[in-house]
Structure formats: C-alpha cells, structure tokens
Amino acid sequence: MKIVITDGFTLNPGDLSWKPFYSLGDVDYHDRTSPAETVIMVRDADVIVTNKTPITADVIQECKNLKLIAVTATGYNVIDVDAAKKHRVLVCNVPEYGTFSVAQHAISLIVELSNRVGTNSQSVRGGDWSSSTDWCYSRSPIIELKDKTLGIVGLGRIGNQTARVASALGMKIAYQRGKPDGVEAREVTLDELFRESDFVSLHCPLRADNEKFVNSGLLSLMKSTAFLINTSRGQLIDEVALAGALQKNQIAGAALDVLSKEPPPSDHPLLLLANCIITPHTAWLSREARARILQTTYENIRMAMAGQAQNLVG
C-alpha cells in the first residue's frame, strides 16, 4: 500500500516522528506540494495524507488506486467530499486535537486586546518608559474583563473551553449555535450576540451557508468599544467589510489567527491596521496538539485498513 504525505512540514517540522506510518505501507513523504504538482505526486496513492493541499475532483479522478484521504486537521474543506464519495474513497479527519490550544490562543488574543501587553512592551523597549516623566503609563486603555460579555458563535468543544476560561476571568457568556458544557451561558440570536457582546469570538466550522456571514450588517450592530476575535476560519468574515469597520473605528479592534487566503497577499486590507492583531494561524501549533493529530491520523489509516474506518466525514 502506498501512502503519500503531501504537506507534512507544518504539522511536523522535525520535533515529532512519522516512523509509525512506515509500518503501514510504502510512504512517499513531501514537506510541501503545490497544486500543479499534486496529481503527479498522488496518482499512484492508496492513501493520501493532507493538511492544506487541495484534493480536488480532478485529482481524485486521476487516482485509480485511492481508497482513503486522511486529513490532518478537523476542517476538511480542502477535500472535494462529493467527488470522493462518488469514487468510493473514504475521507477521515481529526475531530478533536486542539481544544485546549486553540481556546488558549483565543483567550490570549482577548487578553492582548484588553491589556495591550505587546504594545506596552514594545514601547518600553523603544525607550518610552526611560524618558517618561511619570512612573507608569499605558499606550492604550486597559480593560478589566470581569462582567464583560463574551459572545461565542459556535459553542462546541473549543467554544466551550474558551467559555470556561473566560468565565474564570469573570466574563459573562452569550452564545449562538451549539450547547453549553460545564459553563453558564445564555443563548441569544446572532443579531443580539453582535449587538450585546464586548468581545465576539468565532468558533464555528466553515460551511457553504456561513461564508462571510460576519458582514457589514453584523459589524454595524457591534458596540464601538467591542472587539472581534477569529481563531476558526478566515472565510467566515467579509474582510473588506471588517477593514472598513476598523478604519472608521466603528468597532474598537479585531484579533485574527486566520485569514481567507493564507499566506495573505502583501496588500491585504487588514495587515497594516493598528487596531487589528494578526497571528499566522498558530493557535493549533502546540507540540501537544500536533502530536494528537499525528497519532489520530495514524489510527485513522490503520483502522481503515482493518475495515473499521473511524472519524469519517461526508
């Protein structure tokens, strides 16, 4: 059996091991695979292991031996699931690996927006404190999170963990979509969530019916003091509308770990805005989370080979 790993570097830049996969078959490993190279790389594969390399209908059509596409992530929008089903190719993902890491990152973005640790640290390094006439200062207002409302869109595993940590900080939780688990939360409509929240955090998967659902209409409902956080998928936000809202100070700021195109073009409208924090899709990158992905993907392939496929999608 031939296993082709199309883009293994981001998942494992060298601190983990692919060795168990070699016990399952003949492994053809690639750090990265461009769209133009994909068909050539995977044509003879029985199993394709991909993270962000698109496996399109055309690619699937060319793979005559293909039995399984193993996605090393929860989101599987890079796979044409309908085409896979048509050709009787199984698709499996890793449904749970980054709950704590991604929630931790979402909270870190909220705390950065409220405490401006990075901004003030850079100011000190720049000599501002040394030359200050006062014994302390802040480059922007510090916000106490107690009794502030965190609105969560998508109260699943990650959303609930984010809510639990936020609750420990004294925040009130409102949500839309999902179900509370071990946290006190108030269900509201989407309009109410955007209107009432001091922080709005997105934790929902990308689907055909919610692409760019955070649009100018929803943004216009937000308080001028409110912040938007996204650690889910960049395509959930109309980025042009968000850039406009930030430029006009219609909302106080945003903190994003994801963008609609990654890496973003240098002229992306959000990159140079002072009231927009952007991290390079790092919420999932803890060694612990990546190790869980690797182990689950190995088990997904092993179980599928044994006729007991798990974590199937589509």
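Two short exercises on a predicted model follow, each with a worked solution.

Residues are numbered from 1 along each chain as its sequence is written. Local features need pLDDT of at least 70, and side-chain atom pairs count only at pLDDT 80 or more.

**Exercise 1.** Work out how α4 and α6 cross and which residues meet.

*Solution.*
- Start with the elements: α4 covers residues 99-115 and α6 covers residues 157-168. Helices are DSSP runs (H or I, at least four residues), and strands are E runs of at least two.
- Take the axes, lines fitted to C-alpha atoms over the stretch in contact, with angles running from 0 to 180 degrees between N-to-C directions. The axes come within 8 Å and cross at roughly 50°.
- The two helices are therefore oblique to each other. Angles under 35 degrees count as roughly parallel, over 145 as roughly antiparallel, 65 to 115 as roughly perpendicular and the rest as oblique.
- List the contacts (heavy atoms within 4.5 Å). T99, F100, V102, A103, A106 and I107 of α4 meet R157, I158, Q161, T162, V165 and A166 of α6.

**Exercise 2.** Decide whether the faces of β4 are covered or not, and find its partner strand.

*Solution.*
- Strand β4 spans residues 68-71. In a regular strand the side chains alternate between the two faces of the sheet.
- L68 and A70 lie on one side, I69 and V71 on the other. These four residues are all buried, that is, under 20% relative accessible area with a 1.4 Å probe, protein chains only. Both faces are covered.
- β3 (residues 47-50) pairs with β4 in the parallel sense over 4 bridges. Pairing takes at least two DSSP bridges. I48 has I69 as its bridge partner.

Methods
Side-chain values use heavy atoms; hydrogens and water are left out. Buried means under 20% relative accessible area, exposed over 50%, partly exposed in between (1.4 Å probe, protein chains only).
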